[in-house]
Amino acid sequence: MHALSVRQLVKVYASGVRALDGIDLDVPRGDFCALLGPNGAGKTSLIGIVTSLVRKTSGEVRVFGHDLDRELNAVKSAIGVVPQEINLNLWDKVSNIVVNQAGFYGVPPGRARRRAETCLRQLQLWDRRNDAARTLSGGMKRRLMIARALMHEPALLILDEPTAGVDIEIRRSMWEFLREINAAGTTIILTTHYLEEAENLCRHVAIIDHGRVIVDDRMAAVLTRLQQEHFLLSLATPVATLPALEGFAARLVSDHEIEVAVPRSRHINELFAELSAAGLQVISLRNKANRLEELFVTLTERRDKAPDRRSEAARP
Amino acid sequence: MSLRQQAVALATLSRKEYVRVVRIWLQTVLPPAINMGLYFLIFGELIGARIGRMDGFDYPQYIAPGLIMMAVITNAYGNVVSSFFSAKIHRHLEEMLVAPMSAATIALGHMVGGIVRGILVGLMVAVVARLFTPLPLVHPLVTAAVFLLCAAIFSLAGLVNGILAQHFDDISIIPSFVLQPLTYLGGVFYSITLLPDLAQQLSKLNPILYIVNAFRYGMLGVSDIDIGAAFAMMLVSMVVLFVVCVVLLERGTRIRD
C-alpha cells in the first residue's frame, strides 16, 4: 500500500487557471520523496488537495489506502503538513500552538502536553515554549510549524519548502531531524527550491511542470540521466591561455581556475590524463552546480521550449 | 475521529477562544462596560430623569435589560467574527481545516467563545447598571436562558459573517448597518406600545425586539411580546444559524480554494 497515491488529479481554479493537468503519482510507505518544480508548476495545489485545503476538480487521492472523498477524517489523521507560508497565530504562545493542534486531532490534554515537550525539545524550541510565536526568528517559526505538524504523530509528513529563508546551520539541523523521523518510519514528501536539499535527503523524486509529472523515479536513477557534469578546477600555477583538452569542453574562469564539462561517456580519470598531458596541475576540484539542479533546469527548459499542448488544444 | 476525540477537539477550541477573550480583556471586556456606563449616565440619569416612568419602572431600570442585551449581542457577534476572520486572513484557520474536526465542532467551539465573551460583558454591564439602578430578577431562569440563547445566536451570526467575509470591510458592514440599527430599533430604549400601529407591526419583524423583551420579562416581569413566541423565535434562529454555519464550513465556502 502506498502512503500517497494520486490518479488523474485535475485542479482548475475559478480564475480558469489549470494548476494540475492529470497528475499520477505514487509515494511508497516509508519513502522520502522530493516534489520539485518551478514556481506555479502545481506543487502547492497538489499538497493543498491532499491536505484538503484545496478542492480538487477531478481525480482520485488515496492516503494509506483511504480515499480522500469517502474517508476524509482518516486521510486527515494520517497527514501532518508544514505549509510554505508561516500560518501560525503569532500572538499565541509556542506551547499553546502545539498543544492546541494536538487537541484538534483529538489527542487528550495530558498526552498532548507530553508530546509537546518531546517535539519542542527535538526541534530545539523547548526553552521558548512560553514565548509568543511572533518573538521567534524565521528559522524558529519554521521549526515550530514542523513541531506542530508532528503533534499527532502522522504517518505521512508533507513539507512545503520548510527551509526557505533558513540559514545553513539550522537547515542542516532540520535535515538531520527529518532523516531521523524518516528512519523511524514516517513517510516524508518535501518540496524545495534548494535542489541540493532534495538530492541530499530524498530517495525518490517527482518533478512537476505545467501541472503534469514529468519525472517520477528514484533519485539515483534520475541523476543518471545527466548527460554531463560541470567541474571547477583550481590550478597550482596560473595560465594565460587554456590548452586544448581532447574530448572535454573547457573555459578559463580566471588565471587560476578552469571550468570543464565532463560527459557521462567519459571518466574523470581521462580528464586528469588530459590535464597532465597539458602540463596543468590541479589543487582542488568541485562541482560547479548541484547535479539535480542541472537536470531540473534541462528538463524544465526543454518543456518550456516544447509547444504547450494545453494551449494548443484550446485553439480552434 | 470518534465522538470522544471530537469532544477533545471541541474542548480545545473552546478553551482557545476563552483564553483569547480573557488574554485581551482590555479590548474585549472593559470597553463595553465603560460604554454602557456612559449610556446609563446619559440616557438613564441625565435624560431619563426627564422622561419619567415607562411600563411602571424608572427609565434607567427600564432600559437596563435592553442595554445588557445590546452589549451581549455586539460582543458575542464581534468576538466570533473577528476571531474567525482573523484566523482566516492570517491563515492559522488551516490548523483546524487540516485536522479531522467536524464542521459542527468548529461551529460549536467558536460559539462557546462568543458565549463566554457575551456573558462576561453582560455581567460587567449588569454590575455597572446596578450602580445606577436596582436590578430585580423576577424570572431568573428566563433571564439566564435568554442570556445564553442571545449570546449563542449572535455568536453563530458572527461566524456566518466571518466565514463569508473576504475583506476587513465585510466584517464591519453587518454590525454597523444591520446589527446596530436593529438593536436601537429593538425596544432597548422604549416600549413599542408608544409607536403607531404600523411601526409596531414593522418592529415585530425585528428579531432583536423579541430578545430584548424576553430578557426584560425575565428581569422586570414586563414584555411587549409574547414570551412563548420570543423563545420560539430564538430557538429557531439558533438552529437555523447553526445549520448554515455547518453547511458553509463543510462546503468550505470562502475558506477552501
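Read along its sequence, chain B of this predicted model follows the pattern α-α-α-β-β-α-α-α-α-α-α-α-α, which amounts to 11 helices and 2 strands. The radius of gyration of chain B is 19 Å, close to the 18 Å that the globule rule gives for 257 residues, so chain B is as compact as a globular protein of that length. Along its principal axes, the C-alpha trace of chain B spans about 60 × 35 × 35 Å. Of the 257 residues in chain B, 51% count as buried, and when contacts with a separation of 6 or more are considered, 82% of them join residues that lie 24 or more positions apart.

Helix packing within chain B can be followed from helix H11, which spans residues 227-251. Two packed helices are described by the angle between their axes and the distance between the axes. For H11(B) and helix H7 of chain B, residues 140-164, the axes come within 9 Å and cross at roughly 30°; because angles under 35 degrees count as roughly parallel, H7(B) and H11(B) are roughly parallel to each other. Their crossing is left-handed. On the H7(B) side the contact includes Leu149(B), Ala152(B), Ile153(B) and Leu156(B), while the residues of H11(B) that meet this helix include Leu241(B), Phe242(B), Val244(B) and Cys245(B). By class, the contact of H7(B) with H11(B) has 16 nonpolar residues, 1 polar residue and no charged ones.

H11(B) also packs against helix H10 of chain B, residues 207-220, at an angle of about 125° and with the axes 9 Å apart, and the two helices are therefore oblique to each other. Here too the crossing is described as left-handed. From H10(B) the contact draws on Pro207(B), Tyr210(B), Ile211(B), Asn213(B), Ala214(B) and Tyr217(B), and from H11(B) it draws on residues that include Ile227(B), Phe231(B) and Met233(B). The residues of this contact divide into 11 nonpolar, 2 polar and no charged. Met234(B) and Ser237(B) of H11(B) appear in the contact with H10(B) and are also among the residues that meet H7(B).

Turning to the meeting of the two chains, 24 residues of chain A are in contact with 21 residues of chain B. On the side of chain A that touches chain B, the elements that give two or more residues are helix H2 (72-78) and H3 of chain A, and the largest share, 4 residues, comes from H3(A). By class, this side of chain A has 10 nonpolar, 11 polar and 3 charged residues.

The part played by H3(A), residues 94-104, includes a crossing with helix H1 of chain B, residues 3-23, in which the axes come within 7 Å and cross at roughly 145°. Asn100(A), Gly103(A) and Phe104(A) in H3(A) meet Val8(B), Ala9(B), Thr12(B) and Lys16(B) in H1(B), and the contact comprises 3 nonpolar, 3 polar and 1 charged residues.

A last point concerns a single residue of chain A, Met140(A), which is found in helix H5 (residues 138-150) of that chain. Met140(A) has 19 other C-beta atoms within 10 Å and is partly exposed, because a residue counts as buried if 20 or more such atoms lie within that distance. Leaving aside its neighbours within four places in sequence, Met140(A) is in contact with Leu125(A) and Arg128(A). The C-alpha atoms of Met140(A) and Leu123(A), which are 17 residues apart along the chain, are separated by 8.5 Å.

Conventions: Residues are numbered from 1 along each chain as its sequence is written. Chains are lettered from A and ligands numbered from 1 in the order in which they are written. This is a predicted model: local features need pLDDT of at least 70, side-chain atom pairs count only at pLDDT 80 or more; totals for chains, interfaces and linings use all residues. Axes are lines fitted to C-alpha atoms, for helices over the stretch in contact, and angles run from 0 to 180 degrees between N-to-C directions. Two residues are in contact if their C-beta atoms, placed from the backbone, lie within 7 Å. Ala, Val, Leu, Ile, Met, Phe, Trp, Tyr, Cys and Pro count as nonpolar, Asp, Glu, Lys and Arg as charged, and the others, Gly among them, as polar. Angles under 35 degrees count as roughly parallel, over 145 as roughly antiparallel, 65 to 115 as roughly perpendicular and the rest as oblique. A crossing is left-handed if the near helix is turned anticlockwise from the far one by less than a right angle, and right-handed if clockwise. The radius of gyration is taken over C-alpha atoms; the globule rule is 2.2 Å times the number of residues to the power 0.38. A residue is buried if 20 or more other C-beta atoms lie within 10 Å of its own, exposed if 12 or fewer, and partly exposed in between; C-beta atoms are placed from the backbone.
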